[in-house]
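Colleague: I'd like to go through this one with you, piece by piece. Can we start with how you name the elements and then move on to the pockets and sheets?

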Amino acid sequence: MGVRVLHVISEMGTGGAEALVAGMTMAGRDFGWDSAVASGGGHRADALRVPHFAVPPARRSATGVVRAALATKSAYREFRPDVVVAHNVGASAVARLAMLPLRRVPVLTVFHGVSSTDYTKAAKVLRRTSDSVVTVAAATADRLCEAGLSKPAVIRNAAFPQTPRVDRYTVRAALGVPDDVPVALCLARMEPQKRHDVLLDAWAMVGRDAVLWLAGDGSLRPALERRAHELGLDGRVRFLGNRSDVADLLTAADVTVLTSDWEGMPIAVLESLAAGRPVVATDVDGVREALTDGGGVVVPRGEPRAVADALRALLSDADIRATVAVAGTEHDGQTLMKSYDELLRTMVDGGRR
């Protein structure tokens, strides 16, 4: 039996939640899903092969939430979903508000994570808006429980298979990097959570002929560009902006790095594991879980020197990189989809009784 699934998300640009939505809509066909996405748009929205409904981002304001809800209401009326999958807390509020006074359909919230100070507020909102809540890592489920939300499910994030379109040499040639120059890649939005400032300070300490690629964009980009210049990193750091060729970049990089203050279960780390690239990442909830069996080096958050030491060790020795990478465990997209399919169908069947 087919099921009509509407994903509601703030935007479809660079980010782990956005990557998950794109992967789920594509893989959903194999599970009988008829999918659509309601979002503020972005480069991933342009590549979707399912209907997309434009919704202005709520931007954490009452007026923004109302505007987003009205646009989402139009998506409901046109698409007529059996179930709504809302990604994160704000999207859940928008999704529930948009149903008034329309036919009520079940809302599943996929909770990708918030900062440690926001869990109590998140739990309060989710109790009112969501019929079921899925967290992307066990650690985030524990935190939500402590904040007062009972029994969230855990479906660990996964990276959906991506085949590189070009080889390592072509990518490097296009970006002006010789094949013998070590490259570190950071896949992350340029927002406070991701702590690119820590990464830039660390890169200044690496002190070798290596290049750092920053793939992503965001509100902090101008400040980060200035910081890179102040640190004398011109030529050693490349700001690549939003990219739709993550698989190609991973093929061309030697190491990936993520210096976030907090994470749910970062897709960037899972994509690195799937591509066989060793990871340097901060020791926070979902990162620790993703790398528990190997595949990378975890370092304390907010400590540039620890990041620099780990990067230096991996970039300087191909054998160490290979040893670290081979220990990683891939997170299977098919397993993830089976879990979501079972949960969504249970919700839909319950809503029809």
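Modeller: Helices (H or I, at least four residues) and strands (E, at least two) are DSSP runs, numbered from the N terminus. Please keep in mind throughout that this is a predicted model.

Colleague: Fine. Where is the place of Ser-339, then?

Modeller: Ser-339 belongs to helix H15, which covers residues 333-352. With a relative accessibility of 30%, Ser-339 counts as partly exposed, because that class takes in what falls between the 20% limit for buried and the 50% limit for exposed.

Colleague: And how many Å separate the C-alpha atoms of Ser-339 and Leu-214?

Modeller: Their C-alpha atoms are separated by 33 Å, with the two positions 125 residues apart along the chain.

Colleague: Since Leu-214 came up, which way do the residues of E9 point?

Modeller: Val-211, Trp-213 and Ala-215 point one way from E9, while Leu-212 and Leu-214 point the other way, and all of them are buried. That fits a general pattern, in which the side chains of a regular strand alternate between the two faces of the sheet. Five of the five residues of strand E9 (residues 211-215) are buried, so the strand is largely enclosed by the rest of the structure.

Colleague: What does E9 pair with, and in which sense?

Modeller: E9 pairs with strand E8 (residues 183-187) in the parallel sense, over five bridges. Within that pairing, Cys-186 stands opposite Leu-214 of E9.

Colleague: Which strand do two bridges join to E8?

Modeller: That is E11, which runs parallel to E8 and is joined to it by two bridges, with Val-255 of E11 as the bridge partner of Ala-184. E11 is also joined to strand E12 (residues 279-282), again in parallel, by three bridges, and there the bridge partner of Leu-258 is Ala-281 in E12.

Colleague: Are the faces of E11 covered or open?

Modeller: Both faces of E11 are covered, since Val-255 and Val-257 on one side and Thr-256 and Leu-258 on the other are all buried.

Colleague: Let's switch to empty space. How many cavities of 30 Å³ or more does the structure hold?

Modeller: The structure holds one cavity of that kind, and about 40 Å³ of space lies in it.

Colleague: Which elements supply at least two residues each of its lining?

Modeller: E8, strand E11 (255-258) and H11 each supply at least two. Among the lining residues are Leu-185, Leu-187, Thr-256, Leu-258 and Val-279, and by class the lining has seven nonpolar, two polar and no charged residues.

Colleague: What about the second largest pocket, how much space lies there?

Modeller: About 710 Å³ of space lies in the second largest pocket, which is lined by 29 residues, with Ala-22, Met-26, Arg-44, Ala-47 and Gln-162 nearest its centre. The lining divides into 15 nonpolar, six polar and eight charged residues.

Colleague: Which helix gives the most to that lining?

Modeller: H1 gives the most, with six residues. Helix H1 (16-27), helix H2 (43-46), helix H10 (246-252) and helix H11 (267-275) each supply at least two residues of the lining of this pocket.

Colleague: Is Ala-27 in H1 buried or exposed?

Modeller: Ala-27, which is found in helix H1, is buried, with a relative accessible area of 10%.

Colleague: Back to sheets for a second. What is the order of the open sheet of seven strands?

Modeller: The order is E3-E2-E1-E4-E5-E6-E7, with parallel pairing. Strand E3 (52-54) and strand E7 (153-154) are the edge strands, and each pairs on one side only. Strand E2 (residues 33-39) pairs with E3 in the parallel sense over three bridges, and Val-37 stands opposite His-52 in E3.

Colleague: Last topic, rings. How many aromatic pairs does a search of the whole structure find?

Modeller: The search finds two aromatic pairs. In the pair of Phe-111 and Tyr-119, the ring centres are 5.6 Å apart and the planes meet at 65°, so the pair is edge-to-face. Phe-111 and Tyr-119 are both buried.

Colleague: And what sits over the ring of Phe-79?

Modeller: The charged end of Arg-4 sits over that ring, 4.1 Å from the centre of the ring of Phe-79.

Conventions:
Residues are numbered from 1 along each chain as its sequence is written. This is a predicted model: local features need pLDDT of at least 70, side-chain atom pairs count only at pLDDT 80 or more; totals for chains, interfaces and linings use all residues. Side-chain values use heavy atoms; hydrogens and water are left out. Rings of Phe, Tyr and Trp (its six-membered ring) pair if their centres lie within 6.5 Å; planes under 30 degrees apart count as stacked, over 60 as edge-to-face and the rest as tilted. Buried means under 20% relative accessible area, exposed over 50%, partly exposed in between (1.4 Å probe, protein chains only). A charge sits over a ring if NZ of Lys or CZ of Arg is within 6 Å of the ring centre and within 35 degrees of the ring normal. On a 1 Å grid over the protein atoms alone, a cavity is a set of points where a 1.4 Å probe fits but cannot get out, and a pocket is an open set with protein on both sides within 12 Å along at least five of seven lines; lining residues have an atom within 4 Å of a point. Grid points are joined across faces, edges and corners, and a volume is the space filled by probe spheres set on the points. Ala, Val, Leu, Ile, Met, Phe, Trp, Tyr, Cys and Pro count as nonpolar, Asp, Glu, Lys and Arg as charged, and the others, Gly among them, as polar. Two strands pair if DSSP finds at least two bridges between them.
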